[in-house]
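Work through the exercises below with the model open. Try each task before reading its solution.

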Amino acid sequence: MSMKKIKLFLVLAISIYLTNGCVHKSTKYKTKTHTPKKDYYIGKVKVATDMNELDKISENTKPTMIYTYSKTKLPSNVHFVNLKPYKNLIVSMINQVRAQDNTSPVIWNEYLAKAASAHARDMASNNFLGHLGSGKVLDFARKGPGQGSNFYERIIFFGYPIKPTQLAGEILTYTKDHIVLSREPMPHFKHAIYNFLKSPPHKTILKNSRFSNVGVAAYRAGEKIYWVLEFGEALEES
């Protein structure tokens, strides 16, 4: 039985920070429509929109594309930034910003973090900054060759069950060693937050009271660290 089409309002902001972190381009705070389905298809890969259903997928039935993705060789200058030791501090910093407007705190969500990680990896490897995926092999949720994924498609693909009428948001930037004067992750993240707060569309997403979950990820390419923050509303109890 097919579901009725229901509007899903999504948050989208685009920002490009150049050498000194001062130049940026952004769109207005927008809403888009999306119709979630019981089973969501991206290309030939079937993705469950329910986390319990996703967890039941056995190793034998997972698409070959997952193996290809995990084995893809990255450019020599691209490296994963391990944020696990800083996870609580990252969430605390985000909640400190939200508390300035008496906005309720967010908590860490691994599904959102996986979506963020995939996009940070794609951007760092393909040298671009934007919400639309590259459409290449590292754009894991791509619809097909050259057809880049949207941020809500990545969120759904990696297991976060966006429900009708719920918001989802993504903000991203990159930071540079010679501006931050450090190669350590947290000074870079602090600078990323500073960049976001200078941009009204990004600040709106960061402080949106409807969001209660967040996932953050980063990949390094040379002196740049690419940051992706994914936000979602509270998951409904099954």
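The exercises cover cores, helices, strand pairing and salt bridges.

This is a predicted model: local features need pLDDT of at least 70, side-chain atom pairs count only at pLDDT 80 or more, and totals for chains, interfaces and linings use all residues. Residues are numbered from 1 along each chain as its sequence is written, and side-chain values use heavy atoms, with hydrogens and water left out.

**Exercise 1. Find the largest nonpolar core and the elements that supply it.**

Step 1. Fix the terms. A nonpolar core is a set of buried Ala, Val, Leu, Ile, Met, Phe, Trp, Tyr and Cys residues joined through side-chain atoms within 4.5 Å. Buried means under 20% relative accessible area, exposed over 50%, and partly exposed in between (1.4 Å probe, protein chains only).

Step 2. Read off the core. The largest one has 27 residues. Those with the most contacts inside it are Ile94, Phe189, Leu206, Val216, Leu229 and Phe231.

Step 3. Assign elements. Helices (H or I, at least four residues) and strands (E, at least two) are DSSP runs, numbered from the N terminus. At least two core residues come from each of helix H3 (87-99), helix H7 (185-198), helix H8 (200-206), strand E7 (213-221) and strand E8 (224-232).

Step 4. Look at one member. Contact means heavy atoms within 4.5 Å. Not counting residues up to four places away in sequence, Phe189 touches Ile90, Met93, Ile94, Val216, Trp227 and Leu229.

Step 5. Look elsewhere. Apart from this core lies another, of 15 residues, among them Tyr111, Leu112, Phe157 and Ile162.

**Exercise 2. Check the spans of H3 and H4, then see what H3 packs against.**

Step 1. Set the expectation. The expected span is 1.5 Å times one less than the number of residues in the helix.

Step 2. Test H3. Its 13 residues should span 18 Å, and its end C-alpha atoms are 18 Å apart, which agrees.

Step 3. List the buried side of H3. The buried residues are Ile90, Val91, Met93, Ile94, Asn95, Val97 and Arg98. They pack against strand E5 (107-108), H7, H8, E7 and E8.

Step 4. Take the polar Asn95. Asn95 is buried, with a relative accessible area of 16%. Leaving aside neighbours within four places in sequence, Asn95 is in contact with Pro105 and Val106.

Step 5. Test H4 (residues 110-126). Its 17 residues reach 24 Å from first C-alpha to last, close to the 24 Å expected. Because 14 of the 17 residues are buried, H4 is largely enclosed by the rest of the structure.

Step 6. Inspect the ends of H4. Asn109 caps the N-terminal end: a side-chain oxygen lies 3.0 Å from the backbone nitrogen of Tyr111. After H4 comes Asn127, with a positive phi near 55°.

**Exercise 3. Which strands pair with E7, and in what sense?**

Step 1. Apply the rule. Two strands pair if DSSP finds at least two bridges between them.

Step 2. Take E4 (residues 78-80). Three bridges join E4 to E7, and the two run antiparallel. His79 stands opposite Arg220.

Step 3. Take E5. E5 and E7 pair in the parallel sense over two bridges. Ile107 has Asn213 as its bridge partner.

Step 4. Take E8. E7 and E8 pair in the antiparallel sense over nine bridges. Val216 stands opposite Leu229. Their hairpin has two residues between the strands, and Gly222 there takes a positive phi near 65°.

Step 5. Check burial. Nine of the nine residues of E7 are buried.

**Exercise 4. How many salt bridges are there, and what does the Arg210 to Glu233 pair tie together?**

Step 1. Count. With a side-chain nitrogen of Lys or Arg within 4 Å of a carboxyl oxygen of Asp or Glu as the rule, the count comes to six salt bridges.

Step 2. Take Arg154 and Glu170. Their side chains meet at 3.0 Å, N to O. Arg154 is in helix H5 (residues 151-157) and Glu170 in strand E6, 16 residues apart. Both are buried.

Step 3. Take Asp177 and Arg220. The closest N and O atoms are 2.9 Å apart. Asp177 is in helix H6 and Arg220 in E7, 43 residues apart. Asp177, Arg183 and Arg220 are linked in a network of salt bridges.

Step 4. Take Arg210 and Glu233. The salt bridge is 2.9 Å, N to O. Arg210 lies in the loop between H8 and E7 and Glu233 in the segment after E8, so the pair ties together parts 23 residues apart in sequence. Arg210 is partly exposed at 38% relative accessible area, whereas Glu233 is buried at 14%.

Conventions. Polar contact = N/O pair within 3.5 Å; in protein donor to acceptor, adjacent residues only side chain to side chain.
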